[in-house]
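Colleague: I have a model open on my screen and would like to go through it with you. Could you walk me through it, beginning with the overall layout?

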Amino acid sequence: MAFRKNSRPCAWAAAVLLASVPAIGQETASDEVFDLTVRVVDADPLTGTLEISLFNSAETFLEQPYLQTSGAVNEDGTHQALFGKVPPGEYAVVVVHDENGNGKLDTGFLGFGGESYAYSNDARPLFGRPSFDEAKFAVGADTRITISVE
């Protein structure tokens, strides 16, 4: 009889625990993920690779990409990259055209005239680099952006 007496609190605790777990196959809001497609245009010359970096915070912007990919420039000066399963949030993209394929951004005299690069939102400050806030965009559904590296 002692078993029955103590089983009620255990059954109640188990029911509460099971009620808080989503059903199999049921997604919760925090499980939502989306595809982010980045289309790069105006790459010239048609040599080298395009390095595409996705950042998810101001703290890591230009320091530690959340995701990164690269690919060859197509004959029409474009490239398309897909970042799959991206959680909702704010992101910024940086594209570097490594024209000579040496794995780094070459700069010209005083930092001007080297290989091309671009930021999401067409962020182009007069001096220096843009902030995360200037380059950020929201992902809350499947999203497509275009970045010109002219």
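**Layout and confidence**

Modeller: The secondary structure of the protein chain comes to 2 helices and 8 strands, and I should say at the outset that this is a predicted model. Read from the N terminus, the elements follow the order α-β-β-β-β-β-β-α-β-β.

Colleague: What is the average pLDDT of the chain, and which stretch falls below 50?

Modeller: The average pLDDT is 82, and 75% of the residues score at least 70. The stretch below 50 covers residues 1–28, which, beyond near neighbours in sequence, has 2 contacts in the model. Where pLDDT is low, the predicted coordinates should not be read in detail.

Colleague: How much of the chain is buried, and how much area does it expose?

Modeller: Of the 150 residues in the protein chain, 31% are buried, while the exposed area is about 9,900 Å², with 54% of that supplied by carbon and sulfur atoms. As for how the contacts are spread, among those with a separation of 6 or more, 70% are between residues 24 or more positions apart.

**One strand residue**

Colleague: Let's zoom in on S53. Where does it sit, and is it buried or exposed?

Modeller: S53 is part of strand β2, which spans residues 49–55, and S53 counts as buried because its relative accessibility is 8%.

Colleague: Which side chain does S53 make a polar contact with?

Modeller: The partner is Q68, and the polar contact between the two side chains is 2.8 Å. If we leave aside neighbours within four places in sequence, S53 is in contact with P65, L67, Q68, A92, V93 and V94.

**Aromatic rings**

Colleague: Switching to aromatics, how many pairs are there?

Modeller: The count comes to 4 aromatic pairs. One of them joins F61 and F132, whose ring centres are 5.8 Å apart and whose planes stand at 70°, so the pair is edge-to-face.

Colleague: Which parts of the chain does the pair of F61 and F132 tie together?

Modeller: F61 lies in the loop between β2 and β3 (67–72), whereas F132 belongs to helix α2 (residues 132–135), so the pair ties together parts that are 71 residues apart in sequence. Both F61 and F132 are buried. Another of the aromatic pairs is formed by Y117 and Y119, again edge-to-face, with 6.0 Å from centre to centre and 80° between the planes.

Colleague: Are Y117 and Y119 buried or partly exposed?

Modeller: Y117 is partly exposed, because its relative accessible area is 42%, whereas Y119, with a relative accessible area of 10%, is buried.

Colleague: Going back to F61 and F132, which cluster do ring pairs link them into?

Modeller: Ring pairs link F55, F61 and F132 into a cluster.

**Charged pairs**

Colleague: What about salt bridges, how many turn up?

Modeller: A search of the whole structure finds 3 salt bridges. In one of these, E90 pairs with K136, and the closest N and O atoms are 3.4 Å apart. E90 is in strand β5 (residues 89–98) and K136 is in the loop between α2 and β7 (137–139), so this pair ties together parts that are 46 residues apart in sequence.

Colleague: How accessible are E90 and K136?

Modeller: E90 counts as partly exposed, at 41% relative accessibility, and K136 is also partly exposed, with a relative accessible area of 25%.

Colleague: Which residue besides E90 forms a salt bridge with K136?

Modeller: The side chain of D133 does, with an N to O distance of 3.3 Å, and D133 counts as exposed because its relative accessibility is 54%. Salt bridges that share partners thus join E90, D133 and K136 into one network. There is also a salt bridge between the side chains of D122 and R124, at 2.7 Å from N to O, where R124 counts as partly exposed at 49% relative accessibility.

**A loop proline**

Colleague: Last one, where is P88, and which residues does it touch?

Modeller: P88 lies in the loop between β4 (79–86) and β5, and P88 is partly exposed, with a relative accessible area of 43%. Not counting residues up to four places away in sequence, P88 touches E32, F34, V139 and G140. The C-alpha atoms of P88 and D142 are separated by 9.6 Å, although these two residues are 54 residues apart along the chain.

Methods
Residues numbered from 1 in each chain as written. Heavy atoms only, no water. pLDDT = per-residue confidence, 0-100. Contact = heavy atoms within 4.5 Å. Helix = DSSP H or I, 4+ residues; strand = E, 2+ residues; numbered from the N terminus. Buried < 20%, exposed > 50% of the residue type's maximum accessible area, 1.4 Å probe, protein only. Polar contact = N/O pair within 3.5 Å; in protein donor to acceptor, adjacent residues only side chain to side chain. Phe/Tyr/Trp six-rings, centres within 6.5 Å; stacked < 30°, edge-to-face > 60°. Salt bridge = Lys/Arg side-chain N within 4 Å of Asp/Glu carboxyl O. Areas by Shrake-Rupley, 256 points an atom, 1.4 Å probe, with all protein chains shown as cover.
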